[in-house]
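Work through these short exercises with the structure on screen. Try each task before you read its solution.

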Amino acid sequence: NPTSSKLSIRVGAPAQAMIVSTNGIVLRTEQIAVGTSMIDVSGLPVGSYQLILMHGLGIKSATFEVAP
């Protein structure tokens, strides 16, 4: 689902979240606490991005889109 403002992320362990552009540039890195967190993506240009979560249990990634 596209978003224009925030991503909602739920993690069971503290994690580092990275937003990466389609050409591999890390645009933002944030520490995420256990539970549900919101990441503001309203400042990103319209387009596709990769969300990478790194924590003690491994690495997970997902693609998301920023819409107008």
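Is I59 buried or exposed? The model is predicted: local features need pLDDT of at least 70, side-chain atom pairs count only at pLDDT 80 or more, and totals for chains, interfaces and linings use all residues. Residues are numbered from 1 along each chain as its sequence is written, and side-chain values use heavy atoms, with hydrogens and water left out.

**Exercise 1. Place I59 and classify it.**

Step 1. Find the element: I59 lies in strand β6. Strands here are DSSP runs (E, at least two residues), numbered from the N terminus.

Step 2. Apply the cut-offs: buried is under 20% relative accessible area, exposed is over 50%, and partly exposed is in between (1.4 Å probe, protein chains only).

Step 3. Decide: I59 has a relative accessible area of 63%, so I59 is exposed.

Step 4. List its contacts (heavy atoms within 4.5 Å). Leaving aside neighbours within four places in sequence, I59 touches I52, L53 and M54.

**Exercise 2. Trace the sheet that holds β6.**

Step 1. Find the partner of β6: β5 and β6 pair in the antiparallel sense over 9 bridges. Two strands pair if DSSP finds at least two bridges between them.

Step 2. Look at the turn: β5 and β6 form a hairpin with 2 residues between them.

Step 3. Check two positions: L53 stands opposite K60, and L51 has A62 as its bridge partner.

Step 4. Write the order: 4 strands form an open antiparallel sheet, β3-β2-β5-β6. β3 (26–32) and β6 each have a single partner strand, so one side of each is left without a neighbour in the sheet.

**Exercise 3. Describe the aromatic pair.**

Step 1. Know the rule: rings of Phe, Tyr and Trp (its six-membered ring) pair if their centres lie within 6.5 Å; planes under 30 degrees apart are stacked, over 60 edge-to-face, and the rest tilted.

Step 2. Count: the structure holds 1 aromatic pair. Y49 and F64 form it, stacked, at 5.7 Å centre to centre and 25° between the planes.

Step 3. Locate the rings: Y49 is in β5 and F64 in β6, 15 residues apart.

Step 4. Check burial: Y49 is buried at 8%, and F64 is buried at 7%.

**Exercise 4. Name the centre of the largest nonpolar core.**

Step 1. Define it: such a core is a set of buried Ala, Val, Leu, Ile, Met, Phe, Trp, Tyr and Cys residues joined through side-chain atoms within 4.5 Å.

Step 2. Read off the members: of 15 residues, I19, I39, V41, L44, L51 and F64 touch the most other members.

Step 3. Find the suppliers: β1 (6–11), β2 (15–21), β5 (47–55) and β6 (58–66) each supply at least two residues.
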